Amino acid sequence: MGYEDKIYDLEDMNKRLAKYIDQNRWYHTQGVRYMSVALAMAHGVNLMQAECAGLLHDCAKCISDQKKIKICDKNGIPITDVERENPFLLHAKVGAYIAKEKYGVTDPAILDAITYHTTGRPGMTPLEQIVFIADYIEPRRNKSQHLPEIRRAAFRNLDECCYEILKDMLLYLNSKKGDIDSNTQEAFTFYEEVHEDRRD
């Protein structure tokens with residue numbers, strides 16, 4: 001699969017997106033876009049879907065927390081208790097909404113990849129895994145001491161890489177006594193079981 005399936009004008013999206021996110025977020029976005037395509041090539045996932053999801057994954061990141069909540073309440077987007085306490089987490093759900101309403105993305109696979117790129121979820125599709133991983137390992141990221149190993153794992157096995165990232169995330173959140181989204185905890189349990197099954 002490749003660009004023969006292209007249905008979105010990604011360069012037009014990129015120009016429009018640059019008006020709504022700050023410079024640091026734009027650089028991060030280009031890193032995730034690049035990494036999503038690289039991982040899609042490595043794992044046989046549709047390139048256009050991966051690039052589009054990577055490009056738009058943070059399209060709502062620079063919206064104020066108050067406005068994120070307002071968009072969710074107005075459009076029937078469910079908000080968990082953890083998200084209401086930490087509304088910055090809503091940028092993924094709101095991002096999927098904006099990708100559909102403002103950028104014309106109708107592919108549910110792309111919208112789901114945007115929705116779950118921050119928390120993960122149990123049994124992610126390969127596309128969802130790719131955007132989740134790309135967000136964590138893009139070249140400008142340096143927030144984990146395990147990044148070299150995680151980056152290598154990304155090109156070998158998506159399940160194993162998700163397990164390592166989720167383990168890292170939970171260790172960090174527990175050390176900071178931060179709230180943990182139920183999707184993240186459930187995703188870790190799921191991929192931990194996959195990891196253990198591979199070892200048996």
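Here is a walk through this predicted model, from one of its helices to its aromatic rings, a loop residue and its cysteines.

Let's begin with helix α10, which covers residues 158-175. How far apart should its ends be? With 18 residues at 1.5 Å a residue, α10 should span 26 Å, and the end C-alpha atoms are indeed 26 Å apart, so expectation and model agree. Just at the start of the helix, you can find a side-chain oxygen of Asn157 reaching to within 3.0 Å of the backbone nitrogen of Asp159. Past the other end comes Lys177, whose phi is positive, near 55 degrees.

Now look at which residues of α10 are hidden. The buried ones are Leu158, Glu160, Cys161, Cys162, Tyr163, Ile165, Leu166, Asp168, Met169 and Leu170. Their cover includes α2 (23-43), α8, α9 (147-154) and α11.

One of those buried residues, Tyr163, leads us to the aromatic rings. The structure holds 3 aromatic pairs. In one of them, Tyr163 and Phe188 are stacked, with 5.9 Å from centre to centre and 15 degrees between the planes. Tyr163 belongs to α10 and Phe188 to α11 (residues 182-199), so this pair ties together parts that are 25 residues apart in sequence. Both Tyr163 and Phe188 are buried. Another pair, Phe190 with Tyr191, is edge-to-face: the centres are 4.8 Å apart and the planes make 80 degrees. Its two members are not hidden alike: Phe190 counts as partly exposed because its relative accessibility is 33%, whereas Tyr191 is buried, with a relative accessible area of 1%. While you are looking at rings, turn to Tyr27 as well, where Arg140 lies over the face of the ring, at 4.5 Å from its centre.

Next, follow the chain to the loop between α7 (108-115) and α8 (126-137), where Thr118 sits. Is Thr118 buried or exposed? Its relative accessibility is 19%, and the cut-off for buried is under 20%, so Thr118 counts as buried. The Thr118 side chain makes polar contacts with two histidine side chains: one of 3.4 Å to His91, and one of 3.2 Å to His117. Leaving out residues up to four places away in sequence, Thr118 touches Leu89, His91, Ala92, Phe132 and Met169. Met169 is a residue you have already met, among the buried ones of α10.

From there, move to helix α3 (residues 47-56), which contains Ala50. With a relative accessible area of 0%, Ala50 is buried. Which residues does it touch, apart from neighbours within four places in sequence? Ala50 is in contact with Ser36, Ala40 and Leu127. Ala50 and Ala109 are 59 residues apart along the chain, yet their C-alpha atoms are separated by 9.5 Å.

Finally, a question many biochemists will have in mind: how many disulfides are there? The count comes to 0. Take Cys52, for which the nearest cysteine sulfur is that of Cys59, 9.6 Å away; a disulfide would need the two sulfur atoms within 2.5 Å. Cys52 counts as buried because its relative accessibility is 0%. Cys62 is in no disulfide either, and its nearest cysteine sulfur is also that of Cys59, at 10 Å. Unlike buried Cys52, Cys62 is partly exposed, with a relative accessible area of 36%.

Definitions and conventions. Residues are numbered from 1 along each chain as its sequence is written. This is a predicted model: local features need pLDDT of at least 70, side-chain atom pairs count only at pLDDT 80 or more; totals for chains, interfaces and linings use all residues. Side-chain values use heavy atoms; hydrogens and water are left out. Helices (H or I, at least four residues) and strands (E, at least two) are DSSP runs, numbered from the N terminus. Buried means under 20% relative accessible area, exposed over 50%, partly exposed in between (1.4 Å probe, protein chains only). A polar contact is a pair of N or O atoms within 3.5 Å; within protein, one must be able to donate a hydrogen and the other to accept it, and residues adjacent in sequence count only if both atoms are side-chain atoms. Contact means heavy atoms within 4.5 Å. Rings of Phe, Tyr and Trp (its six-membered ring) pair if their centres lie within 6.5 Å; planes under 30 degrees apart count as stacked, over 60 as edge-to-face and the rest as tilted. A charge sits over a ring if NZ of Lys or CZ of Arg is within 6 Å of the ring centre and within 35 degrees of the ring normal. The expected span of a helix is 1.5 Å times one less than its number of residues.
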